Amino acid sequence: MKTISENRAFGGVQGVYSHASDATGTDMTFGLFLPSEAEEGPVPLLWFLSGLTCTHENAMVKAGAQAWAAAEGIALVFPDTSPRGAEVANDDAMDMGQGAGFYVNATQTPWAPHFRMWDYVADDLPKLLFRTFPVDESAQSITGHSMGGHGALTLAMGLPGRFRSVSAFAPIAHPTASDWGRRQFRAYLGEDEALWAAHDATILMRKRGFDGPVLIDQGASDPFLDRLTPETLAEAMAARRQDGVFRMQKGYDHSYFFVSTFMEEHVTFHAQALYA
C-alpha cells in the first residue's frame with residue numbers, strides 16, 4: 001500500500017492511499033478518514049460509495065461527512081467507483097466504463113478482466129482496511145449516492161449480517177427497469193436478466209429486505225427521477241414493512257449540495273446503529 005496524502009482534519013486524519021487490488025487486477029485508490037479515537041483503538045467504520053463519473057475524491061471533498069464522523073468517533077472509507085488505467089476497458093458514455101462500475105462483477109468481454117467492483121468492496125478492500133488500520137470489522141455500516149446508493153443497498157442486502165445499517169442518497173432504486181441499469185447490466189453481466197436481480201435494490205427489498213434500519217433521502221426536484229425510480233423502492237419497503245424511513249426532500253436536486261445538507265442526519269443514524 002502507498003500513502004498518497006494524509007491531512008489533519010477535525011482532530012483526526014484524512015488519508016488517501018493506493019494499493020494493488022487482487023479483485024480488479026489494477027491499482028486502486030481510496031480515501032480513509034480516521035477520527036481521533038482511532039489513536040486509542042479500533043473504531044466503527046462507515047462506507048460511502050460514490051456515483052457515476054466519481055472517484056474516491058468527490059464525496060471525500062464535497063459531502064462534509066468528516067466533521068460529523070469525528071463528532072461520533074466513526075471512520076469513513078471512500079472507495080473509487082471502478083478500476084482505472086490505460087489497460088482497462090472504457091466507454092465514451094458517462095454511465096459506462098471507467099467511473100461507472102455499478103458495483104458488480106462483470107462477466108462479459110471486454111469488462112470481465114477488471115470490472116469486479118463487488119469483490120473489491122465486499123472482500124478485497126475490507127481485508128486491507130482491517131489488516132492495516134484501527135477499524136472495527138464487527139461494527140460496519142454503509143451509505144452511498146446515486147449509483148453508490150444502489151451499491152450500498154445491494155451490498156447491504158446481499159451480505160446479510162455484514163452491515164448494521166444502510167442509507168442512501170438518491171439511489172438508482174430499480175436498475176433492471178431503468179435506463180441507468182439495463183444497458184450497463186447487459187454489457188457487464190450478459191443477456192440473462194435473472195442474473196441482474198442480485199443487483200437491484202427494489203427486487204432485493206421485495207425478496208429479503210435488510211436485517212437492520214434503512215434511511216433513504218431523495219430530492220423531489222432531482223432531474224434524474226425517471227431513471228432513479230424512487231417510488232419502486234418506497235413501495236417495496238412499505239410492502240415488506242421494512243424497518244426504515246424514506247423521505248422525499250422538497251426542492252432538492254441530485255447534487256452534493258443535497259447530499260451535504262442531510263449528511264449529518266445520515267451519520268447520526270448510522271452512529272446509533274454502530275454503537276447500539
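In the predicted model, Glu-265 is partly exposed, with a relative accessibility of 37%. This residue belongs to helix 9, which spans residues 256–274. The side chain of Glu-265 forms a salt bridge with Arg-247, and the closest N and O atoms of the two are 2.8 Å apart. Arg-247 is located in strand 9 (residues 244–249), 18 residues away from Glu-265 in sequence, and the pair thus links distant parts of the chain. The relative accessible area of Arg-247 is 22%, so this residue also counts as partly exposed, the class between the limits of 20% and 50%.

The bridge between Glu-265 and Arg-247 belongs to a set of ten salt bridges found in a search of the whole structure. Side chains of opposite charge can pair when their charged atoms come close. Another such pair consists of Asp-95 and Arg-183, whose side chains meet in a salt bridge with an N to O distance of 3.1 Å. Here, too, distant parts of the chain are linked: Asp-95 is in the loop between strand 5 (75–79) and helix 3 (117–132), Arg-183 is in helix 5 (residues 182–189), and 88 residues separate them. The two partners differ in their accessibility class. Asp-95 has a relative accessibility of 12% and counts as buried, whereas Arg-183, at 38%, is partly exposed. The pairing of Asp-95 with Arg-183 is also part of a network of salt bridges in which Asp-91, Asp-95 and Arg-183 are linked.

Helix 5 contributes a further bridge through Arg-182, which pairs with Glu-193 at a distance of 2.7 Å between the closest N and O atoms. Because Arg-182 lies in helix 5 and Glu-193 in the loop between helix 5 and helix 6 (201–207), the salt bridge ties together parts of the chain that are eleven residues apart in sequence. Arg-182 has a relative accessible area of 27% and is partly exposed. Glu-193 is likewise partly exposed, with a relative accessibility of 39%.

The packing of helices was examined for helix 3 and helix 4. The axes of helix 3 and helix 4 (residues 147–158) come within 12 Å and cross at roughly 60 degrees. The two helices are therefore oblique to each other, and the crossing is right-handed. On the side of helix 3, the contact is made by Trp-118, Val-121 and Ala-122, and on the side of helix 4 by Thr-154, Leu-155 and Gly-158. Classed by residue type, this contact comprises four nonpolar residues, two polar residues and no charged ones.

Two strand residues illustrate the surroundings of buried positions. Phe-78, in strand 5, has a relative accessibility of 1% and counts as buried. When neighbours within four places in sequence are left aside, Phe-78 is in contact with Gln-14, Phe-30, Gly-31, Phe-48, His-56, Ala-59, Met-60 and Gln-66. The C-alpha atoms of Phe-78 and Asn-90 lie 22 Å apart in space, while the two residues are twelve positions apart in sequence. Ser-18, in strand 2 (residues 12–20), is buried as well, at 15% relative accessibility. Under the exclusion of neighbours within four places in sequence, the contacts of Ser-18 are Met-1, Lys-2, Ile-4, Met-28 and Thr-29.

Several features of the backbone were found in loops. The peptide bond from Thr-109 to Pro-110 is cis, with omega near 0 degrees. Pro-110 is placed in the loop between strand 5 and helix 3, and Asp-95, described above, is located in the loop between these elements. Positive phi values occur at two residues other than glycine. For Thr-53, phi is near 75 degrees, and this residue is found in the loop between strand 4 (43–49) and helix 1 (57–62). For Ser-146, phi is near 60 degrees, and the residue is located in the loop between strand 6 (135–144) and helix 4. Thr-53 is partly exposed, with 48% relative accessibility, whereas Ser-146, at 3%, counts as buried.

How values were computed
Residues numbered from 1 in each chain as written. Predicted model: local features only at pLDDT ≥ 70, side-chain atom pairs only at ≥ 80, totals over all residues. Heavy atoms only, no water. Salt bridge = Lys/Arg side-chain N within 4 Å of Asp/Glu carboxyl O. Helix = DSSP H or I, 4+ residues; strand = E, 2+ residues; numbered from the N terminus. Buried < 20%, exposed > 50% of the residue type's maximum accessible area, 1.4 Å probe, protein only. Contact = heavy atoms within 4.5 Å. Axes fitted to C-alpha atoms, helices over the stretch in contact; angles between N-to-C directions. Parallel < 35°, antiparallel > 145°, perpendicular 65-115°, else oblique. Left-handed = near helix turned anticlockwise from the far one by under 90°. Nonpolar A, V, L, I, M, F, W, Y, C, P; charged D, E, K, R; others polar.
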